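The following exercises concern helix packing and charged side-chain pairs in a predicted model. Each task is followed by a worked solution.

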Amino acid sequence: MKTAIVILNWNGRKMLEEYLPTVLEHSLDNAVVIIADNASTDDSLQWLGDNYPKVRTIVLNKNFGFAEGYNKALAQIDAEYYILLNSDVKVTSHWLVPLIEYMDSHQEVAACQPKLLSVVNNNSFEYAGACGGFIDKYGYPFCRGRIFESIEQDEGQYDTPKEVLWATGACLMIRSKDYWKVGGLDARYFAHNEEIDLCWRLRLYDRKVVCLPDSKVYHLGGGTLPKGNPRKTYLNFRNNLLMLYKCLPDGELCHVMRVRKVLDYVAAFQTLVFNANVGDFKAIFRARRDFHKMKPLFKADREKLQSERLVARVPERYDFSILWKYYIKRIHRYSELFS
């Protein structure tokens with residue numbers, strides 16, 4: 001098959017019931033839809049069998065998380081293009097064709113994403129990927145249309161295709177050959193930052209990642225781990241540090257890690273003092289501790305990646321601090337970062 005849309009499900013019957021019909025309605029002319037189930041304990045599979053018996057399912061024997069769940073499912077799918085689609089995404093009638101046509105005509109592009117808007121507020125970008133993602137010098141992610149908690153209204157200001165550092169895991173289209181060339185998603189992350197890590201590795205091998213706003217979808221977000229959940233905070237901080245350790249060039253690694261140590265502790269005490277959030281406070285400390293425990297497991301990956309990298313410095317990793325721009329310079333819109 002040419003294009004496989006793969007939805008990873010874990011106890012998500014309500015999401016499937018709400019959003020799967022739109023995916024089937026607007027996608028089957030151009031793709032096959034497959035549900036990969038991460039050992040759900042709800043009645044997701046029963047509901048699928050009763051209502052959509054012709055939809056292919058891949059049933060995993062335990063909850064492998066986002067990263068390894070997709071790796072195990074995609075290994076069973078023979079397709080030129082994979083589309084990793086969250087179960088809480090509502091697609092539109094014209095969403096798929098621009099993605100396929102662009103990938104067909106741009107062989108240098110490994111992955112792409114559509115414009116990601118909010119289900120709750122259709123005129124607003126959605127947090128998880130907005131209109132394409134970047135990171136700053138110290139590894140903090142942001143997007144066209146979203147910097148930290150400041151989310152812009154979609155007024156067409158980012159309606160041009162643009163090369164980005166990372167495409168959202170909520171709706172990520174990727175060539176299967178590129179996916180496996182770099183080893184797929186890093187299963188050790190379990191969840192969070194894995195798509196940024198994947199796309200950064202692709203960029204180091206000089207493969208392009210693009211946002212294509214001609215395609216648009218709507219994302220609910222926060223379905224599995226909502227914002228403010230200490231587990232989410234822990235995974236985000238730990239995995240971001242592991243990603244930096246793996247992908248940063250030798251000349252920057254020590255400096256960036258020293259700065260991040262300070263910034264992480266500042267963030268931890270800020271959550272405690274200003275938000276009285278003991279859970280997040282502990283999660284950040286735990287994340288840093290476990291990063292150091294896990295770092296030896298990533299040494300071989302780092303050495304291989306650094307020895308094989310084809311790009312000295314990825315231009316979509318901007319050489320400034322987004323924290324400084326946002327909190328000190330009070331710049332809250334992507335379009336104002338460079339003015």
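**Exercise 1.** Determine which of the partners in the salt bridge between D186 and R188 is buried and which is partly exposed.

*Solution.* The side chains of D186 and R188 form a salt bridge with an N to O distance of 2.9 Å. D186 has a relative accessibility of 7%, and because buried means under 20%, D186 is buried. R188, at 28%, counts as partly exposed. Both residues belong to a salt-bridge network that also links D197, R201, K246 and D301.

**Exercise 2.** Classify the packing of helix α6 against helix α7 and describe the contact.

*Solution.* The axes of α6 (residues 194-204) and α7 (residues 230-247) come within 10 Å and cross at roughly 10°. Angles under 35 degrees count as roughly parallel, so α6 is roughly parallel to α7. From α6, the contact draws on I196, D197, W200, R201 and L204; from α7, on M243, L244, K246 and C247. By class, this contact has six nonpolar, no polar and three charged residues.

**Exercise 3.** Describe how helix α1 packs against helix α2, then examine the salt bridge of E17 and R13.

*Solution.* Helix α1 (residues 13-27) and helix α2 (residues 44-51) pack at about 30°, their axes 9 Å apart. This angle makes α1 roughly parallel to α2. The crossing of α1 and α2 is right-handed. R13, L16, E17 and L20 of α1 meet S44, W47 and L48 of α2. Within α1, the side chains of E17 and R13 form a salt bridge at 3.4 Å, N to O. E17 and R13 lie about one helical turn apart because four residues separate them in α1.

Technical notes: Residues are numbered from 1 along each chain as its sequence is written. This is a predicted model: local features need pLDDT of at least 70, side-chain atom pairs count only at pLDDT 80 or more; totals for chains, interfaces and linings use all residues. Side-chain values use heavy atoms; hydrogens and water are left out. Axes are lines fitted to C-alpha atoms, for helices over the stretch in contact, and angles run from 0 to 180 degrees between N-to-C directions. Helices (H or I, at least four residues) and strands (E, at least two) are DSSP runs, numbered from the N terminus. Angles under 35 degrees count as roughly parallel, over 145 as roughly antiparallel, 65 to 115 as roughly perpendicular and the rest as oblique. Contact means heavy atoms within 4.5 Å. Ala, Val, Leu, Ile, Met, Phe, Trp, Tyr, Cys and Pro count as nonpolar, Asp, Glu, Lys and Arg as charged, and the others, Gly among them, as polar. A crossing is left-handed if the near helix is turned anticlockwise from the far one by less than a right angle, and right-handed if clockwise. A salt bridge is a side-chain nitrogen of Lys or Arg within 4 Å of a carboxyl oxygen of Asp or Glu. Buried means under 20% relative accessible area, exposed over 50%, partly exposed in between (1.4 Å probe, protein chains only).
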